[in-house]
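Colleague: I should like to go through the reasoning behind several labels in this model. Please show the structure before we begin.

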Amino acid sequence: MTTPLPFEGLKVLDLSWVVVGPTTAKYLGDHGATVVRVEATTPLDILRTAGPFKDNVPGFDRSQFFGEYNTSKLGISLNLKNPAGKEIAKRLIEWADVFIESFTAGTVDSLGIGYETARELNPSIIMVSTCLMGQTGSAAAFSGFGFHAGSIAGFYETTGWSDLPPDGPWVAYTDTVAPHILSASIMAALDHRRRTGQGQFIDASQLEMSLHFLSPQIMDYSTTGKTVTRIGNRSEFFAPQGAYPCAGDDRWCAIAVESEEHWEGLKSAMGGPDWALDGKLDSMEARLENHDAIDQHISEWTKDQDAKALMQLLLSHGVPAGVVQRSSDLETDPQLSHRSYFRHLEHQEMGTVPYAGHQFRIKGYDSGPRFASPVLGQHNEQVLRDVLGMTDDEITEAIIAEAIM
Amino acid sequence: MLSPYTVLDLTGGRGDLASMLLGDMGANVIKIEPPGGSAGRREPPFMEGGLEAERSLNFFAFNRNKQGITLDLESKAGRNALRALVKEADFLFESGQPKTLDSIGLGFDVLKNINPKVIHVAISPYGWDGPHSDYAASDLTIAAMGGPMSVQGVRERAPLRISVPQVWLHTGAEAATAALTAHALMIQTGEAQFVDVSAQTAMIATMLSATSAHAIQGTDYQRAGALLQLGQASIPLVFQCADGYVVIAPTGPTLAVIVHWFVEEGLVPESWISGEDWPTYHFRLLQGQPISYPLDEVLEAVTKLAIRYTKSQLLERGLAEGVSLAPVNSVGDLAGFKQLEERGYWLTAPLPNGQEAQVPGLVVRMTETPMSVRSWTPTLHEHNNDVLGSVLGMSKEEISLASGVDAG
């Protein structure tokens with residue numbers, strides 16, 4: 001007997017692009033929904049033009065940045081500016097239970113496929129519009145990427161070294177926050193719809209979702225005027241902590257002393273070093289004050305050690321420690337292997353490539369992803385024929401009308 | 001929206017956001033703490049003054065829409081009370097060392113017999129089982145093992161985390177999605193579900209394009225500060241302006257507008273305006289196709305432009321002309337961002353120390369089942385009598401025994 005999938009039978013129209021919308025739709029697809037990802041070719045989803053590319057050879061169908069967020073989806077390339085293309089979009093809206101789009105606020109209305117139209121076509125549809133700033137307000141049209149919203153939110157101010165300009169988190173930070181929250185919101189809306197038959201419209205601002213990740217700091221500012229800023233790897237409250245150099249090329253081990261127990265553990269792992277013998281550093285305050293000097297001692301001790309062996313030594317003394325893992329390290333991480341985290345799937349152009357798995361496992365259920373991301377227009381005919389029930393003649397007409405590209 | 005459901009939150013500072021999200025969505029959430037309070041109550045930053053157990057801003061931020069009770073799970077009375085609560089609950093979140101609940105006879109195998117439809121969500125640093133499941137961990141070490149640190153920061157210095165702890169927030173938010181996915185599965189199968197959420201993998205998800213970089217392109221990405229690395233091209237994003245920094249991406253829609261500013265300011269010749277199809281500039285740049293003006297020259301003009309204006313001037317003029325220039329805001333700058341005020345985003349919360357704080361509002365806007373904040377974070381054992389007395393029908397004496405706190 002096969003286990004049913006959580007969202008088996010659910011129909012999702014994914015008219016979004018870049019990261020947040022596609023990731024959210026991918027969650028539903030990986031967990032069983034039929035997802036039709038509609039792509040426009042002008043402009044192309046920018047992720048198709050951004051690396052990493054398979055074997056470092058650029059190509060629209062070779063980007064795993066695109067691939068990662070479009071697993072378990074049927075892909076069609078549709079010209080939404082063409083009347084026949086728009087008709088097909090409307091038929092997909094009639095078909096769908098969930099319709100996700102992530103264009104600049106107002107774009108779907110101007111294309112004639114906004115919520116008013118969607119609701120007329122399909123009264124119980126759940127439509128999700130997600131953009132950086134939300135659908136209303138004077139900055140609604142502020143379009144851009146997760147680094148724009150990340151900067152406005154405060155994540156650039158708080159990522160970097162105190163004596164250097166802000167570094168910012170890797171690539172597009174709010175794109176990493178929003179999908180968790182948006183997926184949960186859609187799943188809750190689906191549960192409500194299951195019980196009541198009622199659909200609705202969801203306005204999801206990626207900035208507003210992400211600000212919860214700075215909530216204590218925002219509260220702190222509003223009550224004390226204190227503004228949090230970047231302090232490298234340090235903590236205002238715990239010391240010592242940092243990423244310490246190890247043997248080899250650019251190898252590092254993160255160590256965090258958050259309690260007196262951790263501190264005792266660190267000292268014993270270091271064999272009771274002379275500089276810490278007098279007990280003057282046996283309080284968090286003293287260690288915060290002498291962080292530079294302590295870091296020098298620790299670095300001196302770590303720099304010729306193997307990062308993984310060092311981590312094991314520290315863990316055996318009860319000290320939180322972790323190797324700074326790179327993409328290449330994740331490939332061989334035994335814990336990730338144990339979780340079957342990476343899934344190797346056959347992609348039409350790239351061949352067998354790894355896709356990241358899910359952040360959770362449900363006992364007795366294999367969460368996927370189920371199949372690889374589509375090459376551009378891979379499922380054009382399948383979607384028109386099997387999903388929309390179009391005849392061969394209708395499909396030919398759509399191709400002649402340049403609705404499909 | 002989730003009002004038919006009851007959620008038990010046993011997480012101790014590592015996953016409070018999960019049940020908060022379900023609470024914002026309407027679920028009835030009961031926060032269950034040990035008699036001395038959740039470890040989360042000792043998490044900085046702290047507010048000024050007030051009782052020790054109520055001072056954590058971190059705890060306050062992620063425990064709204066919850067009733068708060070204490071249970072002494074080391075006592076039989078406490079464990080029995082938890083069993084009684086599980087019987088009526090739909091979700092249970094916990095974040096102890098893996099198998100802590102098992103060790104007191106309340107593991108999933110027991111809970112699913114008490115309630116055959118319960119969704120048990122266990123949050124942990126590396127996962128419920130496996131070779132790293134017992135590793136001691138902190139925000140920093142999980143950010144390291146998850147990978148994002150390897151691509152953040154500058155090559156000349158150590159790999160870098162975000163200075164504000166993020167790990168348990170990613171993990172908590174994902175745990176909400178995990179819980180609702182498992183709930184959808186339970187609807188299909190009719191069976192209780194056990195969900196194992198790993199913080200390490202939640203951090204891997206923040207690596208975006210770097211996740212599988214090595215397997216795909218043969219090399220890891222190297223950290224290079226604020227340089228946006230897109231395979232074929234690398235683009236600096238952060239520029240200094242008159243009073244700080246601003247993020248400007250040299251993409252088509254941006255350049256099509258600010259090329260006029262360059263000309264106005266005498267930074268480039270007027271011929272630049274018609275000399276390039278600016279709206280498609282970045283697509284050709286990323287694809288290695290011909291461009292009229294090299295990226296270096298474009299960036300030089302951006303650099304010279306940015307330094308002449310303040311963050312708010314750049315944001316305002318950008319908004320007026322439809323171009324996205326994003327100030328590197330501090331939390332103070334953010335408070336003045338009109339968009340959030342116009343959308344009625346901010347909420348005001350009364351803190352236990354008597355102050356009022358501005359707090360982030362509803363995560364998303366929904367037309368038919370709007371989310372809401374119905375109550376602020378409970379004080380320690382605030383609802384012991386309501387929940388244990390009124391709901392479970394326990395006497396004062398029984399409440400005292402089960403909760404580890406004198407019920408009077």
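Colleague: Where in chain A is A:V171 placed?

Modeller: In this predicted model, A:V171 lies in the loop between α6 (146–153) and α7 (174–196) of chain A. Its phi is near 60°, a positive value in a residue other than glycine.

Colleague: What makes A:V171 buried or exposed?

Modeller: The cut-off for a buried residue is 20 or more other C-beta atoms within 10 Å. A:V171 has 27 such atoms within 10 Å, and is therefore buried.

Colleague: Why does B:L208 count as buried?

Modeller: B:L208 has 26 C-beta neighbours inside 10 Å, and the threshold is 20 or more, so B:L208 counts as buried. B:L208 is in the loop between α9 (199–204) and α10 (213–217) of chain B, and has a positive phi of about 45° although it is not a glycine.

Colleague: Why is strand β12 of chain A said to pair with strand β6 of chain B?

Modeller: Pairing requires at least two bridges. Strand β12 (residues 360–362) of chain A and strand β6 (residues 193–198) of chain B are joined by 3 bridges, so they pair, and they run antiparallel. A:F360 stands opposite B:V197 in β6(B).

Colleague: How do you know that β12 and β13 of chain B pair?

Modeller: The same minimum of two bridges applies. Strand β12 (residues 347–350) and strand β13 (residues 356–359) of chain B have 4 bridges in the antiparallel sense, and therefore pair. They form a hairpin with 5 residues between them, and B:G354 in the turn has a positive phi of about 95°.

Terms used: Residues are numbered from 1 along each chain as its sequence is written. Chains are lettered from A and ligands numbered from 1 in the order in which they are written. This is a predicted model: local features need pLDDT of at least 70, side-chain atom pairs count only at pLDDT 80 or more; totals for chains, interfaces and linings use all residues. Helices (H or I, at least four residues) and strands (E, at least two) are DSSP runs, numbered from the N terminus. A residue is buried if 20 or more other C-beta atoms lie within 10 Å of its own, exposed if 12 or fewer, and partly exposed in between; C-beta atoms are placed from the backbone.
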